[in-house]
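Please open the structure in your viewer and keep the selection tool handy. We will go from stop to stop, selecting a few residues at a time.

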Amino acid sequence: MAQANYTSELARSLAPGLLDRFQRYVRIDTQSARDRTSSPSTPGQLELGRLLVEELLGAGLTDAAIDENGYVTATLAGSEGAEHVIGLIAHMDTSPDAPGAGVQPIVHRDYDGGMLELPRQGTRLDPETMPELLSKRGHDIVTSSGDTLLGADDKAGVAEIVTAVAYLAAHPELPRPTLRVAFTPDEEIGEGATLFDIERFGAPYAYTLDGSEIGELQDETFSADELTATIRGVDVHPGQATGKLVNALRIAARILAALPADTLTPETTSGREGFIHPYSLTGTAGAAQIRAIVRDFDDDRLREHVALFESTVREIVAQEPRARVDIEVRHQYRNMLSYISAVPHIVEAAASAFRAEGIEPVRTAIRGGTDGSRLSEMGLPTPNIFTGGHEYHSVREWASVHDMASASATIVRLAEVWTLIPPAPGEVVSAG
Ligand SMILES: [Zn+2]
């Protein structure tokens, strides 16, 4: 099997440094933790943040810094007379849904299209069930050792941005707008945008590198709410409970059983269909709590799913007059499309950069959210670009070095594309 071609000589030249960085970053445990009391939720994210500051300073981005909430920012000055300020964003944390400590990356050179057997836990990557893996014959593939996630989500994005800005910093003759870099904490627990200071960031548009398959260019995400139902029963010593005990756990179980199971679930929907997904049940006989996420691409349908959850809960609880329930609906993020479609040239600029790198852009809708979902809603339109990573949030997570290099090269192309776009009236103009 001959090594596959890179999408360009630029991508080939970026690949070794990019792989070094990626392997360095994934070894740091940056798993975030739900229900945080401070930002970032875990100290490993600060450790990676400080390393990134050092590396950005080393690359010549002299204002690189980490703030008190764990956000890393840095600036690469634009070419003489640059008129735009463009943001590049990736997240430093990894998912709490799979083991994230002690990641030992393994590079499988010149992948032959067969089964990848990882040394720990019998984890296998079967190309029969992973058509995207099968399409990477001849690529260099990175996996974990089988008992942890890899962390390509989103350290692939982080490494691609650092590699691209370091390359641009080393080649001052290449045209570029002013580039503002941000690495965020706690994206996986929905907090990546919470303490993001858009004004201080100073870019009117940005891109996240937090997608997957090469070519993905995404300007549409789910709209998302989180629901918490807290059920209170009557707890009595079981020996004296006759006619008195009201078991909150049993009520919670009846609620779960009454929610739709053949439809409106993550496992029975795809494409543009939404769902109600209970993901946590905790409690005692006295009090129980159900937590669920609700997703749809359409805000009206999202409201209908929330209403269905609420009416189901209230109906079941009403069958026991001594039980009480509180339902809390938390707004998470909204489909970014309405914000991004108002400024179509930012997605068009990315599409031009893809084509300059020899990649046909594929516009897809993300069945999930990104930092860009909330940033777009907060006033910073931020579509999403592929990273080359796959099977996120699992011990089977993998990434193609070839595709990661393509993503990094695409950022270099994107910088040039932006120097050809006239500034919009009223757009913030770079201070250089
Ligand atoms: Zn991500």
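Is Glu220 buried or exposed? Select Glu220 to find out: this is a predicted model, and in it Glu220 has a relative accessible area of 11%. Glu220 counts as buried because that value falls under the 20% cut-off.

**Stop 1: around Glu220**

Color strand 10 and you will find Glu220 in it. Now add Arg272 and show both side chains: a polar contact of 3.0 Å joins Glu220 to Arg272. To see the wider surroundings, leave out neighbours up to four places away in sequence and select the residues that Glu220 contacts. Besides Arg272, these are Phe297, Asn335, Met336, Leu337, Thr364, Ala365 and Ile366.

**Stop 2: helix 9**

Strand 10 (216-221) is also a partner of the next element, since the buried residues of helix 9 pack against this strand. Select residues 344-356 to pick out helix 9, which has 13 residues. From first C-alpha to last, helix 9 reaches 19 Å, close to the expected 18 Å. Next, show the side chains of its buried residues: Ile346, Val347, Ala349, Ala350, Ala351, Ala353 and Phe354. What do they pack against? Besides strand 10, the partners are strand 9 (205-209), helix 8 (337-340), strand 15 (362-366), strand 16 (384-385) and helix 11 (401-419). Before moving on, select Gly358, just after helix 9, where phi is positive at about 80°.

**Stop 3: Leu88 in strand 3**

Select residues 85-91 for strand 3 and then pick Leu88 within it. Leu88 is buried, with a relative accessible area of 1%. Which residues does Leu88 touch, not counting those up to four places away in sequence? Show Ile161, Val165, Leu179, Arg180, Val181, Ala182, Phe201, Tyr207 and Ile411. For a distance check, draw a line between the C-alpha atoms of Leu88 and Ala203: they are 115 residues apart in sequence and 9.4 Å apart in space.

**Stop 4: the cavity**

Keep Arg180 and Phe201 selected, because both touch Leu88 and both also line the largest cavity. Add the other lining residues, Asp67, Tyr71, Thr73, Leu195, Phe196, Asp197 and Arg200. How much space lies in the largest cavity? There is about 90 Å³, and one cavity of 30 Å³ or more is counted in the model. Color the lining by residue type to see four nonpolar, one polar and four charged residues.

**Stop 5: Leu19 in helix 1**

Go to helix 1, residues 9-26, and select Leu19. Leu19 is buried, with a relative accessible area of 5%. Beyond its sequence neighbours up to four places away, Leu19 touches Val107, Arg109, Val142 and Val401. Gly388 lies 369 residues from Leu19 along the chain, with 12 Å between their C-alpha atoms.

**Stop 6: His139**

Leave Arg109 on display, as this residue is in contact with His139 too. Where is His139? Look in the loop between helix 3 (131-134) and strand 7 (141-143). His139 is buried, with a relative accessible area of 10%. Zoom in on its side chain, which makes a polar contact of 2.7 Å with the side chain of Ser400. Leaving aside neighbours within four places in sequence, the contacts of His139 also include Ala4, His108, Asp110, Tyr111, His402 and Asp403. Finally, pick the C-alpha atoms of His139 and Asp112: 27 residues apart along the chain, they are separated by 8.4 Å.

Technical notes:
Residues numbered from 1 in each chain as written. Predicted model: local features only at pLDDT ≥ 70, side-chain atom pairs only at ≥ 80, totals over all residues. Heavy atoms only, no water. Helix = DSSP H or I, 4+ residues; strand = E, 2+ residues; numbered from the N terminus. Buried < 20%, exposed > 50% of the residue type's maximum accessible area, 1.4 Å probe, protein only. Contact = heavy atoms within 4.5 Å. Polar contact = N/O pair within 3.5 Å; in protein donor to acceptor, adjacent residues only side chain to side chain. 1 Å grid on protein atoms, 1.4 Å probe; cavity = no way out; pocket = protein on both sides within 12 Å on 5 of 7 lines; lining within 4 Å. Points joined across faces, edges and corners; volume = space filled by probe spheres on them. Nonpolar A, V, L, I, M, F, W, Y, C, P; charged D, E, K, R; others polar. Expected span 1.5 Å × (residues − 1).
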